[in-house]
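Trainee: Got a minute to walk me through this one? I'd like to start with a strand and then wander a bit.
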Amino acid sequence: MIALPALILLPATGGLTAWLSDRGRQASSLSWWVAITTILLQALLLLFITCTAEWGHGPWLAHFSTPWIPALGIAARMDMDGLSLVMLWLTTLLSFPCVILSARDVGEQPGLFHLLLLATIAGINGVFLATDLFLFFFFWELMLVPMYVLILQWGHEDRRRAAIKFFLFTQGSGLLMLVAILGLVILHQHATGIVTFDYFVLADTPLMPTTAMVLMLGFFVAFAVKLPVVPLHVWLPDTHTQAPTAGSVLLAGILLKTGGYGLIRFVALLFPEAAARFAPVALALGVAGILYGAWLSLAQDDMKRLIAYSSVSHLGFVLLGIFSGSPMGMRGAVVQMVAHGLSTGALFVIAGSLQDRLHTRDMRRMGGLWQALPHLSSVGLFFAIASLGLPGMGNFVGEFLTLLATWRVSPPMAILGTAGLVLSAVYSLTMVGRAFLGPPHAGQGTIHTPPPADFGPRQMTVLSLTMALLLLLGTYPQPVLDLSLPAPAHATPQPEGLHP
Amino acid sequence: MTTLLSGLPPSLPILSGGIALLLLCIAWRRSEGRAIVIALATLLLAFASLWWPLLPWPGDPMGMLFVPDGWFTYIAALILLSSTATMIMAWRETGTSSDEFYLLLLLGTLGALVMAGSADMVIFFLGLETLSLSLLGLIAWRRTHPTADEAAIKYLILAGLSSAILLFGLALSHADSGSLRFAAPSLEGPEGPALPLAATALVLTGLFFKLSAVPFHTWLPDVMEGAPTPVASFIAVTSKIALFAALARYFAGADLLRPDAAGTELAIVALLSMFGGNLLALGQNNLKRLLAGSSIAHVGYLLLALLSPGPFGLASAAIYLAAYAAATSGAFAALGGASVPADIAGWRGMFRHRPALAFAMAIMLISLAGIPPAIGFFAKTYIVIAGVSARRIVLLVALVASSIIGLYYYLNVVRAMMEPAPEEHRAARGTPANAGLIAILAIVTVLAGLFPETLVRQTHSLLRPAPIMREASLRPAAPHDILYRE
C-alpha cells in the first residue's frame with residue numbers, strides 16, 4: 001500500500017514547505033498554517049489507511065515493499081499491524097497539541113521550528129512502520145537530529161548540556177543496536193548464505209542461546225535508553241526539563257514510546273527465548289524504575305522535572321507488562337503507553353504554559369493559582385489525577401493489566417509495583433497542592449501586576465479532547481486492547497503482488 | 001618494455017602531457033586563467049580516459065609495473081574528482097592562486113595515481129615521492145603566513161624520515177624475496193620469518209607516517225593549519241586516498257585474519273587512530289585542526305575495513321573513501337568559502353548570516369559523524385557490517401566508543417553555527433565556483449546516502465584478494481525472492 005511511505009513523506013514535505021514558506025520573514029504565521037494543514041492531512045491519511053486496511057486477513061493490516069539496496073538485501077519494507085496502528089494514531093493525535101499550543105515557544109525562525117517538528121514526526125512514523133532492520137535503524141537515527149536541534153535552539157536555560165546529553169545517550173546506544181542488528185544479519189548469512197535485513201526472514205535465524213542473549217541485549221540497551229529503564233534514564237530529566245514545551249510533549253508523548261514499541265517488536269518477538277530468560281532481570285528493572293522514579297518525583301521542586309521522573313515511574317509498568325510474557329501484560333503495556341502519552345503530554349503542556357506565564361517552573365514560587373487561573377488549574381488537576389491512575393482513566397487500565405499479568409509471574413514484583421502507585425498518588429497530589437491550591441505565593445501578585453492570562457478556548461479545546469480520549473480509553477479500552485496485541489514475527493505477511 | 005607498459009592506464013600519460021603543456025605555457029606567458037583551464041581539462045580528460053578500453057594485459061600482476069584493475073579505476077576516479085574539487089577551491093582564493101600552484105596540484109595528482117596503480121615497489125616509491133615533493137611546495141605556499149614555514153619544515157623532515165624508513169623496508173623485502181613486486185612478503189620464505197616481518201613492519205611504519213595514523217600522526221594538525229585551505233583538503237583527501245589504496249594493494253595477498261605481526265600491528269594502529277584522532281579533534285578550537293583529527297579517526301575506521309577481509313571488507317572501504325572524500329572536501333570548501341577565521345568562534349551564528357553555507361557545512365559534518373540521511377551513515381554501517389562479518393569485536397567496540405566522541409565535536413560545530421552571532425561582521429563571499437562546488441558536494445552527500453545502491457554495485461569486488469573463503473560464500477542477496485516464493 002503506497003499510503004504507508006506517504007505517512008513518512010507527507011510530514012517531511014510539509015516540513016520543507018513550512019520552512020520555505022517562512023524563509024527570510026520574521027514572526028510570520030504562514031509556516032504554522034502549513035504545519036497544521038500537514039498534520040490534518042496526516043490524520044486524514046491515517047484514517048484512510050485504517051479504513052482500507054486488510055481487516056480480517058490475519059494480524060498484518062497493510063504492507064509496502066520496494067527494493068532499496070538490493071546488493072545488500074536491504075529493502076524499503078514497511079508493514080503495519082494493530083500495534084503500529086495504535087502507535088501511529090497516538091503520534092498523529094499528539095502532534096496536534098505540539099503544533100497548536102507551541103505558538104508561544106517559537107519566537108524567531110518559526111519555519112525552521114515547524115520543519116524540525118514535522119521531521120521528527122516523520123522519523124517516528126517510520127520507526128513504527130519499518131520491518132526492514134536497516135530501514136528501521138535509518139529512521140531511528142533520523143528522528144534524533146531534528147529533536148536535538150529543537151532542544152538546542154528553543155530549549156530553556158541549560159539547553160546545551162541537555163541536548164548533547166540526549167544525543168550522546170541515544171546515539172551511543174543506537175550504535176550498540178546497530179552492531180546487534182548486523183550481528184544478526186551476519187549470523188543469518190552464515191547459516192543460510194543470504195544477506196538480508198528483512199525482519200521476518202531474520203526472525204527465523206537459528207541462534208545459540210548465548211548469542212541470542214548477547215544480540216537481544218544489544219537491542220534492549222538501545223530501547224531501554226529510550227523508554228527509559230532505570231540505570232539508563234540519566235538523560236531524561238535534564239532533557240525533558242530543558243526542552244521547549246512542544247519538544248517535551250513530543251519526547252514524553254511519542255519518542256519514549258518508540259522504546260516500548262521497539263522492546264515489543266524487536267526484543268520480545270525477535271528473540272522470544274532470550275527475552276523469556278532475561279525477563280526476571282527486566283521485571284526487577286521495571287520495578288526499580290517504578291519505585292525510583294516515584295521516589296525522586298517526591299523530592300522535586302521543579303515541575304517539569306517532577307513530571308519527567310514520574311514518566312520514569314510510569315514507563316516502568318510498560319517494562320513489567322512486556323516482560324510478564326503474557327498477552328494480557330503486552331496489552332496492558334500498550335494501553336499504558338497510550339495513556340501515558342496523552343496524560344504526560346498534557347501535563348507538559350500545562351507546565352510549559354505555567355512557565356510562560358510565571359517565568360518559573362519552581363513550585364516553591366507557585367501556589368494558589370486556582371483563583372488566578374481556574375481553567376488551567378482544573379485541567380492540571382484532571383491530568384494529575386489521571387496520571388496517578390484513578391479508575392475510569394486509561395492509565396488505570398494499563399497499570400491494572402500489567403500488574404495483574406506480573407502477579408501471575410511473580411507476586412513480590414507486583415506488590416512492589418503497586419507500592420509505586422501509592423507514591424504516585426502522593427507526588428501527583430502534592431504537585432496539585434503546591435501549585436494550584438494553598439495560599440498564593442507572596443511575590444506573585446506584585447511581580448505580575450496584571451494577573452497571568454488563563455487558558456483560552458484554543459488550549460481548552462485541545463486539552464478537553466485529550467481528556468475525552470483518556471476517559472474513553474479508561475471506560476471502553478476494548479478497541480485498543482484488541483488492536484494492541486502485536487503480530488507475531490514469523491507470520492510472514494501476504495505478498496502484495498509487487499514481486500511476482 | 002612493451003610488456004611492462006602493457007598495463008599502463010591512459011590517465012597517466014594524459015596527466016603527464018598536461019603537466020608538460022602547463023610548464024610550456026608558464027614558460028611562454030603567465031596567466032592564471034589559462035593555467036586553471038589547462039589543469040582542469042587535463043583532469044577531466046584523465047577522468048574520461050578511465051572508461052577507455054584498456055590495452056590487453058595478462059590479468060596477472062606478476063612482472064608488471066601497473067595494475068589497471070577495478071580498484072585502480074575506482075580510486076583514480078576518486079583522486080581525480082577530489083583534485084578537481086581542490087582546484088575549484090583554489091581558484092581565485094587570496095594567497096594561493098598562481099600558475100605554479102595548479103602545476104604542483106597536477107603533479108601531486110599524478111603521484112597519487114601512480115601510487116594507486118603501481119604493482120612494483122620502485123614505481124610505488126616514485127609515485128609517493130612525486131606526491132610528497134609537490135605537497136611540500138604546496139604547504140609552503142603562503143610564504144608570508146607565520147605558520148607556513150613551520151608546517152613545511154615539519155612536513156619535510158617527517159616525510160623524508162618516513163620515506164627513508166619505507167625505502168629500507170622495501171629493500172629488506174627485496175632482499176628476502178628477490179622480487180620488486182609491491183606486496184607484503186610471505187612469511188614462509190626459506191630465510192625464516194624474521195626478514196619479511198622486519199620488512200613489513202618498516203613499510204607499514206613508512207606508510208602510517210604518510211597516512212598520519214596514530215602514533216605517527218603528530219605532524220598532521222600543524223601542517224593542515226599552516227597550509228592553505230585547498231592544500232589542507234588535498235592532504236586530507238587526495239593523498240590519503242592514494243596511500244590507503246596502496247596499503248590495501250600491499251596487503252591484497254595476505255590473510256589479515258591470521259593473528260600474525262602485520263595484522264596485529266594494523267589492528268593496534270587502527271584502535272589508536274580511532275581514539276587518538278577523535279580525542280585530538282575533541283580539544284580543538286580551530287576547524288582545520290579539528291578536521292585533521294577527524295581525518296585521523298577516519299583512517300582508523302578505514303583500517304578496520306581493511307582488517308575485515310571477506311565479501312564486505314574492501315567494498316566498504318571503497319564506499320567509505322568516497323563518503324569521506326565528499327564530506328571532507330565539502331567541509332574544506334565551506335571553510336574556504338566562509339572567509340572567516342577557521343576557529344569555531346568565527347563560525348558562530350553562521351546559520352543566521354549564511355544559511356545556505358551553514359546548511360551545507362552541517363550536512364558535511366553530519367556525514368562525517370555518520371548520521372542519516374548523509375552517505376557517511378551508510379558507509380559507516382557498511383564498515384560495521386564488514387567488521388561484524390570478520391568478528392573484529394574489539395575494533396567494533398572501539399569504533400562505537402570513538403564514534404560517540406566524534407559525535408560530540410561534530411555536533412559542537414553545528415551548535416556553534418546555530419548560536420546567535422556576536423556581531424554583524426560579514427567579510428567577502430567565496431567565488432561562485434566554490435559555492436557551486438559546495439552545493440554539488442552537499443547534494444551528492446545526501447543523495448548518495450539515500451540511494452547508495454549504485455555505489456554498492458560499483459564497489460563490489462574491486463580488488464580481488466587471495467581467496468579466503470569462510471563457511472558460506474556470499475550470494476547476491478535476493479530477500480524478496482526468498483520471501484515471496486511459496
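Mentor: Sure. Keep in mind that this is a predicted model. Start with strand S2 (residues 74-81) of chain A: eight of its eight residues are buried, so the strand is largely enclosed by the rest of the structure.

Trainee: Which residues sit on one side of S2(A), and which on the other?
Mentor: On one side you have A:Ile74, A:Ala76, A:Met78 and A:Met80, and on the other A:Ala75, A:Arg77, A:Asp79 and A:Asp81. Both faces are covered, with all of these residues buried. That back-and-forth numbering fits the general pattern: in a regular strand, side chains alternate between the two faces of the sheet.

Trainee: Does S2(A) have a partner, and if I want to find it, where do I look?
Mentor: Look at strand S1 (residues 60-69) of chain A, which pairs with S2(A) in the antiparallel sense over eight bridges. For a landmark, A:Thr66 stands opposite A:Ala76.

Trainee: How many residues lie between S1(A) and S2(A) in the hairpin?
Mentor: Four. In that turn, A:Gly73 has a positive phi of about 70°.

Trainee: OK, what about positive phi in residues that aren't glycine?
Mentor: A:His359 is one, with phi of about 60°. You'll find A:His359 in the loop between helix H15 (327-358) and helix H16 (369-372) of chain A. Another is B:Ser212, where phi is near 55°; that residue is in the loop between H7 and H8 of chain B.

Trainee: Is A:His359 buried or exposed? And B:Ser212?
Mentor: A:His359 has 60% relative accessibility, and the cut-off for exposed is over 50%, so it counts as exposed. B:Ser212 is at 0%, so it counts as buried.

Trainee: While we're in that chain B loop, what's up with the proline there?
Mentor: B:Pro215 is in the loop between helix H7 (194-211) and helix H8 (219-226) of chain B. The peptide bond from B:Val214 to B:Pro215 is cis, with omega near 10°. Chain A has a cis bond too, joining A:Leu227 and A:Pro228, with omega about -5°.

Trainee: New topic: how do H12(B) and H15(B) pack?
Mentor: The axes of H12 (residues 313-338) and H15 (residues 375-389) of chain B come within 9 Å and cross at roughly 160°. The two helices are therefore roughly antiparallel to each other, and the crossing is left-handed.

Trainee: Which residues meet there?
Mentor: Among them are B:Ile319, B:Tyr320 and B:Ala323 in H12(B), and B:Phe378, B:Tyr382 and B:Ile383 in H15(B). By class, the contact has 10 nonpolar, three polar and one charged residues.

Key: Residues numbered from 1 in each chain as written. Chains lettered and ligands numbered in written order. Predicted model: local features only at pLDDT ≥ 70, side-chain atom pairs only at ≥ 80, totals over all residues. Heavy atoms only, no water. Axes fitted to C-alpha atoms, helices over the stretch in contact; angles between N-to-C directions. Parallel < 35°, antiparallel > 145°, perpendicular 65-115°, else oblique. Left-handed = near helix turned anticlockwise from the far one by under 90°. Contact = heavy atoms within 4.5 Å. Nonpolar A, V, L, I, M, F, W, Y, C, P; charged D, E, K, R; others polar. Buried < 20%, exposed > 50% of the residue type's maximum accessible area, 1.4 Å probe, protein only. Pairing = 2+ DSSP bridges.
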